[in-house]
Amino acid sequence: MVCGMKLKTITRYIIALTLSLCLITAGCKKNNNTITIKYSTWGSETEINILKPIIKEFEKNNPNIKVDIIHIPQNYFQKLHMLVAANLAPDVMFINNLNMPVYASGNILSDLNYSLSNSSKISHKDFFPQSLKTMSYNKNLMAIPRDISNIVIYYNKDLFNKYNVEYPQENWNFEEFLEKAQQLTIDINNDKKIDIFGISFETNAIFFLPFVWSQGGNLFDKKNQHFALTEKNSCTALQFYTDLRNKYKVAPTAAEAGNSTMAQMFMQQKLAMFISGRWSVPRFRTDLDFEWDIASFPSGKAGSIVGIDGSGWSMYSKTKHPKESWMLIEYLASNKSIAEFSKTGLIVPSRKDVAFSENFINKDLPPEHAEIFLTIIDNGKPTPKTERWNEVIDLINIAMEPVWNGKQKSCPALQSIKSSVNELLE
């Protein structure tokens, strides 16, 4: 966190960044008619290689605008926070919905509802309603969404076939999910050590919240003012999730996983099923040597409900170039641009026309049932928004650690932090 850094380190970083930006800007302005827009983003080298031609095409179509890409591949929001504090905020910022409330509540971002409503190039109707909801705060549209982030169940078809287990069906439930995980938890050589686990296990909120929501529980109340993980349905769901590892032994413990990530274990065929998002597709397409597909998340008593998160393009509220900044956002949010990102298999596009095109649903490439990423959107639940999100999650992680390890039940652990979380939500 920025607060924990030494003041001298922050000062040196800001001074260096200021000088760099000044030099870049001075070098780019070859004449007084050129307007320079600063655009910040994170992303891998692959993503940046997609982005650069899009920006180049935008500059070609708008010769009076120059776009400076500020690529921050690591500690993005920490460094963006320093830029904002130093009055060096980029004109256009790539942002996600979990970190957005901090900037939205501080009046750092512009409300883009009016711009979108009056645009001749993009409109509200172009996007999945849930994606717009995800990027909104207090009914203000804080960013134009690029993508939707949700989760599914990846499964190894070869293992299902080998052990005569039926593939997950469309409306499967928690009981059927557990049954398949048990059937596919295998000690191959009878040495009392599990060689293949039925399902993955990760402690990040994006993986356990779908269990909570699908069972009728919640993280917060409807107004995001009170902690709700201590309620009966939430506790039951969390206990079911942790029992996958500690009671039923169908998911690996940290010791059993060792240094391997869940994705690596799935790739090594040590996991029959793997809970993950669209971001796993590009790597699986190139690296997996077995047949695989995806299934929707299983249903609890409230149905099958997964999180709807996302990222998109926001505008600095104090930009000196709002017109040109909006022009850049319009271009990035166009069918053509979002299609380029979708072709890689990396994202679930926010635009409906891209999502239902061959740029996303490519029958020549796995997963065979890619449309599941789209059919689960309507029932999806945007992650609750709070500017104290990181602090809340830190408290939950600390409280749940003995639960994940099988040393404590979920409800008593969460009751111990209820008042502290409620204070953060005030």
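Hi everyone, let me start with a term: helices (H or I, at least four residues) and strands (E, at least two) are DSSP runs, numbered from the N terminus. What you see above is a predicted model, in which local features need pLDDT of at least 70 and side-chain atom pairs count only at pLDDT 80 or more, while totals for chains, interfaces and linings use all residues. Residues are numbered from 1 along each chain as its sequence is written, and side-chain values use heavy atoms, with hydrogens and water left out.

Now to the empty space. On a 1 Å grid over the protein atoms alone, a cavity is a set of points where a 1.4 Å probe fits but cannot get out; a pocket is an open set with protein on both sides within 12 Å along at least five of seven lines, and lining residues have an atom within 4 Å of a point. Points are joined across faces, edges and corners, and a volume is the space filled by probe spheres set on them.

How many cavities of 30 Å³ or more does the whole structure hold? Just one turns up, and about 80 Å³ of space lies in it. Its lining includes Y39, W42, I48, R146 and F341. Helix α2 gives the largest share, three residues, and both β1 (35-41) and α2 (45-61) supply at least two. By class, we have seven nonpolar, two polar and two charged residues; here Ala, Val, Leu, Ile, Met, Phe, Trp, Tyr, Cys and Pro count as nonpolar, Asp, Glu, Lys and Arg as charged, and the others, Gly among them, as polar.

On to the pockets. The largest has a volume of about 710 Å³. Of its 24 lining residues, K222, K223, N224, P384 and K385 are the closest to the centre. Its lining counts six nonpolar, eight polar and 10 charged residues.

The second largest pocket has about 560 Å³ and 29 lining residues, with D147, S149, W279, D309 and G310 nearest its centre. Here α9 gives the largest share, five residues, and the classes divide into 15 nonpolar, nine polar and five charged.

Last, a sheet, where two strands pair if DSSP finds at least two bridges between them. Three strands form an open sheet in the order β8-β7-β9, paired antiparallel. Why do β8 (273-277) and β9 (292-295) each have one side without a neighbour in the sheet? Because both stand at the edges, each with a single partner strand. Strand β7 (residues 151-156) pairs with β8 over five bridges, and V152 has S276 of β8 as its bridge partner.
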